[in-house]
Amino acid sequence: MLAAERLFAEKGFHIPLEEIAQAANVSRTTLYRNFKDRQALGIAIYESQLADFEVFVENVSEEPDGLFLVLEEMAVSHCHNAGMTDVLRNDRALHPQLMAMRMRVLKLMEPLLQHAKACKLVRADITSQDLDYLLDVIVSVTQRETFEERKHGVLRMLDLFKAGIMTT
């Protein structure tokens, strides 16, 4: 799966699966035995990244600026997944799985939002819905051509978002 994740980030989601199998030192048959298609491989990558993200959230959950650290981690992660995100998001059959993952992310971020409010870092009127809107902005900005353009764009959007939600 690591080879697929790397190659999707470098060459796009439509890279031949044969190239992924070769990079992973497995046969194409082995690849298909574990993942029925490209979309299943993409979902598995997202699930793995979400598990890592959950650990990251746990590690920063007590930090006053934990919400901002998590938003930045999430944004940069989306820069690596740009092509995959777009294709998977447009596959209606995957919509329930992707929405469930999105809800998991928002649920993870809710305590961070409340903690940031308690620390008086975030305005009291900011809601989880606002964070959900930010996810849409992140996804749209990550459609830029190169990784550096995507990263610059998402970090700039985060700076603007933070300036808009902070108390001071």
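**Two loop residues and a helix pair**

Trainee: Lysine 120: buried or exposed?

Mentor: Lysine 120 is exposed, as its relative accessible area is 61%. Bear in mind that this is a predicted model.

Trainee: Where is lysine 120 found?

Mentor: In a loop. Helix H7 (95–118) comes before that loop, and helix H8 (128–141) follows.

Trainee: What is phi of lysine 120 near?

Mentor: Near 60°. That is a positive value, and lysine 120 is not a glycine. Most residues other than glycine have a negative phi.

Trainee: Switching to asparagine 25. What about phi there?

Mentor: Phi of asparagine 25 is near 60°, so positive in a non-glycine residue.

Trainee: Which helices flank the loop of asparagine 25?

Mentor: Helix H2 (17–23) and helix H3 (28–34).

Trainee: And does asparagine 25 count as exposed or buried?

Mentor: Exposed, because its relative accessibility is 72%. The cut-off for exposed is over 50%.

Trainee: New topic: helices H1 and H4. At what angle do they pack?

Mentor: About 100°. H1 covers residues 2–11 and H4 covers residues 38–60. Their axes are 10 Å apart.

Trainee: What does that make H1 and H4 to each other, roughly parallel or roughly perpendicular?

Mentor: Roughly perpendicular. Angles of 65 to 115 degrees count that way.

Trainee: Which residues of H1 meet H4?

Mentor: Ala4, Glu5 and Phe8. On the H4 side, they meet Arg38, Leu41, Ile45 and Gln49.

Trainee: How many nonpolar, polar and charged residues does the contact of H1 with H4 have?

Mentor: Four nonpolar, one polar and two charged.

Technical notes: Residues numbered from 1 in each chain as written. Predicted model: local features only at pLDDT ≥ 70, side-chain atom pairs only at ≥ 80, totals over all residues. Heavy atoms only, no water. Axes fitted to C-alpha atoms, helices over the stretch in contact; angles between N-to-C directions. Helix = DSSP H or I, 4+ residues; strand = E, 2+ residues; numbered from the N terminus. Parallel < 35°, antiparallel > 145°, perpendicular 65-115°, else oblique. Contact = heavy atoms within 4.5 Å. Nonpolar A, V, L, I, M, F, W, Y, C, P; charged D, E, K, R; others polar. Buried < 20%, exposed > 50% of the residue type's maximum accessible area, 1.4 Å probe, protein only.
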